[in-house]
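Student: I'd like to practise reading how strands pair. Could we go through an example together?

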Amino acid sequence: MKLRHGLTIMICLTLLVACGKVGPVKPLQKALPSAVNNATLDQKGNALLLAWDIPTTNQDGSPLNNLKGFDIYRSDYNLAKGCPECRPPKNLLRQVDLAYYQSTNRNSKRIFVWDSGIEEEVGFRYRIVPITIEGHAGAEILIHRPCYSAPYPPMDVSGEALDKQVRLSWSAAEESRQGVTIVGYNIYRRSGDNYFAAQPLNDTPVIETAYEDFQVNNGTLYTYAVRTVIDLADQRLESPLSSPINLKPQRP
């Protein structure tokens with residue numbers, strides 16, 4: 001009787017120990033990047049300029065320290081049908097390596113990507129996905145816009161180089177299409193062998209056909225070009241760059 005009672009106690013203890021065991025510890029879920037901020041999509045001539053701010057936090061609010069870059073996907077759509085129900089693009093357009101991009105763009109906090117493979121009277125949709133060093137995808141965003149026939153750039157761009165100052169002037173652009181409004185002009189500048197900046201010197205389109213640039217250094221050769229800015233079908237777009245002009249400010 002005592003033996004049977006002792007055996008019963010041992011079985012119960014064994015069951016209790018077995019029930020107290022836990023399975024293998026699961027690793028904590030990795031923090032993934034937040035979606036990009038302030039994404040914009042602008043038509044400049046016969047190209048689209050996609051831009052966004054680099055995210056600095058993960059989706060859980062922790063610092064984002066392992067961002068490798070971005071995958072950009074693109075698709076097109078029929079303007080007549082619109083894009084409210086477009087499927088997310090699946091065709092990879094480009095991969096942006098963040099370390100390389102920042103090394104060639106002075107540690108910029110904003111990414112600029114040009115897409116010259118566009119067509120007039122066609123809409124384009126993009127999907128931007130942040131990617132970690134480990135290859136994990138973060139939160140994505142979608143952005144789209146239609147593309148139209150760009151206006152002509154202004155003609156007869158000329159300039160005068162003065163002491164720490166440059167003066168530009170050009171002939172007014174003409175536009176005969178119905179529903180098109182000429183908003184003004186954007187001025188672009190580069191120095192040396194650099195490309196023209198993605199963003200214009202002016203904050204808002206210049207209404208006049210003249211512009212003065214005081215943010216220059218004497219002895220530096222600058223190249224300027226101008227784009228016409230129009231509004232068409234609730235969209236703002238720019239012309240291709242005008243013929244460039246080289247100017248070097250200097251003391252008289």
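Student: Happy to start with strand 3 and strand 4: how many bridges join them, and do they run parallel or antiparallel?

Tutor: Two strands count as paired when DSSP finds at least two bridges between them. In this predicted model, strand 3, residues 67–77, is joined to strand 4 by six bridges, and the two run antiparallel. For a single contact to look at, take Gly 69, whose bridge partner in strand 4 is Asp 97.

Student: Which strands form the open sheet, and in what order?

Tutor: Read across the sheet rather than along the chain. Four strands make up this open sheet, in the order 4-3-6-7, with antiparallel pairing. Its edges are strand 4 (91–97) and strand 7 (141–147), each of which pairs on one side only. From one strand to the next, the twist averages 25°.

Student: Now strand 1 and strand 2: how many residues lie between them in the hairpin?

Tutor: Look at the pairing, then at the turn. Strand 1 (residues 37–44) and strand 2 (residues 47–53) run antiparallel and are joined by six bridges. Thr 40, for instance, stands opposite Ala 51 in strand 2. The hairpin leaves two residues between the strands, and Gly 45 in the turn has a positive phi of about 65°.

Student: And strand 1 with strand 13: parallel or antiparallel?

Tutor: Compare the directions in which the two strands run. Strand 1 and strand 13 (residues 235–238) run parallel, with two bridges joining them. Here you can find Gln 43 opposite Leu 237 in strand 13.

Methods:
Residues are numbered from 1 along each chain as its sequence is written. This is a predicted model: local features need pLDDT of at least 70, side-chain atom pairs count only at pLDDT 80 or more; totals for chains, interfaces and linings use all residues. Side-chain values use heavy atoms; hydrogens and water are left out. Axes are lines fitted to C-alpha atoms, for helices over the stretch in contact, and angles run from 0 to 180 degrees between N-to-C directions.
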